[in-house]
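The following paragraphs explain how this protein chain is put together, starting from the overall order of its elements and moving on to individual residues. Please keep the sequence and the model in view while reading.

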Amino acid sequence: MKQAAIYFLVIILVALSTTGCSNNTSATETPKDSAAPFDAAALRKIIDEKNNRFTRSHITGDTAFLNNIFTQDAKVFAPNADVVVGRAAIAALNLEYINFGIKEFREETTALYGNGEYLVNEGSYFMAYGKDSTTEKGKFINIWKKVDGDWKIHSNIWNTNAPAK
């Protein structure tokens, strides 16, 4: 009998401790410390604007924006080149591309997916550059990472649609 009373008391204490520690958040509320819901349409607008500014910055020579759109440890997989790692190395690469004399640069997103921490942005691009206004069409993938509340490019790869020579 004494053992049954102790068992019953333990069950009551466990039940009280699990229900008594509730923070009174209903099942339909989002706790304050959880991530905001994934809003694909809103994120698409943010990434489209960043892509537009990215392309304009190549034309206008806005290296400050170009260099800061990347994470500190970002990687760029440029065509026919070794991987470029880190913001300082990417800054040198950005300057090389600006010095090509980019006259026109457009990107079009064809897919955007991910979560609250990483986004994958797939698309196509058109670029005209150089003294002869060489044109190039191709495709790209950007992996965006949320850093301190801001979306930055963590990995970037692109290549031309032109056939290999």
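## Fold and packing

The protein has four helices and six strands. The model is a predicted one. Read from the N terminus, the order of the elements is α-α-α-β-β-α-β-β-β-β. Of the 165 residues in the protein, 30% are buried. Among contacts between residues at least 6 apart in sequence, 48% join residues at least 24 apart.

The sheet comes next. Its six strands form an open sheet of mixed pairing, in the order 2-1-6-5-4-3. Strand 2 (84–85) and strand 3 (102–114) are at the edges with a single partner strand each, so one side of each has no neighbour in the sheet. Strands of a sheet pair through backbone hydrogen bonds, in either a parallel or an antiparallel sense.

At one edge, strand 2 pairs with strand 1 (residues 70–77) in the antiparallel sense, over two bridges. Within this pairing, Val85 of strand 2 is the bridge partner of Lys75. Helix 4 (residues 87–99) packs on the sheet and touches strand 1, strand 2, strand 3 and strand 6, with its direction at about 55° to that of strand 1.

Strand 2 also holds Val84. Is this residue buried or exposed? Val84 counts as buried because its relative accessibility is 16%, and the limit for buried is under 20%. Leaving out residues up to four places away in sequence, Val84 touches Ala74, Lys75, Val76, Ala89, Ile90 and Leu93. Val84 and Asn156 are 72 residues apart in sequence, and their C-alpha atoms are 9.9 Å apart.

At the other edge, strand 3 runs antiparallel to strand 4, and 11 bridges join the two. A hairpin of three residues connects strand 3 to strand 4. Across this pairing, Glu107 is placed opposite Tyr125 of strand 4.

Helix 2 (residues 40–60) lies across strand 1, strand 3, strand 4 (118–129), strand 5 (134–147) and strand 6 (150–160), and runs at about 160° to strand 3. Helix 2 has 21 residues and spans 30 Å from its first C-alpha to its last, close to the 30 Å expected at 1.5 Å a residue. Which residues of helix 2 are buried? They are Leu43, Ile47, Lys50, Asn51, Phe54, Thr55, Ser57 and His58. These residues cover an arc of only 155° around the axis, and therefore lie on the same side of helix 2. An α-helix has 3.6 residues a turn, so residues three or four places apart point the same way. The face turned away from the buried side of helix 2 carries the exposed residues Ala41, Lys45 and Thr60. Just after helix 2, Gly61 has a positive phi of about 80°.

Helix 3 (residues 63–68) contains Asn67. With a relative accessible area of 17%, Asn67 is buried. Apart from neighbours within four places in sequence, Asn67 is in contact with Arg87, Ala91 and Asn94.

The aromatic side chains give another view of how the parts meet. A pair of aromatic rings is described by the distance of the centres and the angle of the planes. The structure has six aromatic pairs. One of them is the edge-to-face pair of Phe54 and Phe70, at 6.4 Å centre to centre with 70° between the planes. Phe54 belongs to helix 2 and Phe70 to strand 1, so this pair ties together parts 16 residues apart in sequence. Phe54 and Phe70 are both buried.

The rings of Phe100 and Tyr129 also pair, with centres 5.9 Å apart and planes at 45°, so this pair is tilted. The pair links distant parts of the chain, since Phe100 is in the loop between helix 4 and strand 3 while Tyr129 is in strand 4, 29 residues apart. Phe100 is partly exposed, at 43% relative accessible area. Ring pairs also link Phe54, Phe70, Phe105 and Tyr125 into a cluster.

Conventions. Residues are numbered from 1 along each chain as its sequence is written. Side-chain values use heavy atoms; hydrogens and water are left out. Two strands pair if DSSP finds at least two bridges between them. Contact means heavy atoms within 4.5 Å. Axes are lines fitted to C-alpha atoms, for helices over the stretch in contact, and angles run from 0 to 180 degrees between N-to-C directions. Rings of Phe, Tyr and Trp (its six-membered ring) pair if their centres lie within 6.5 Å; planes under 30 degrees apart count as stacked, over 60 as edge-to-face and the rest as tilted. Buried means under 20% relative accessible area, exposed over 50%, partly exposed in between (1.4 Å probe, protein chains only). The expected span of a helix is 1.5 Å times one less than its number of residues. The arc is that of the directions from the helix axis to the C-beta atoms.
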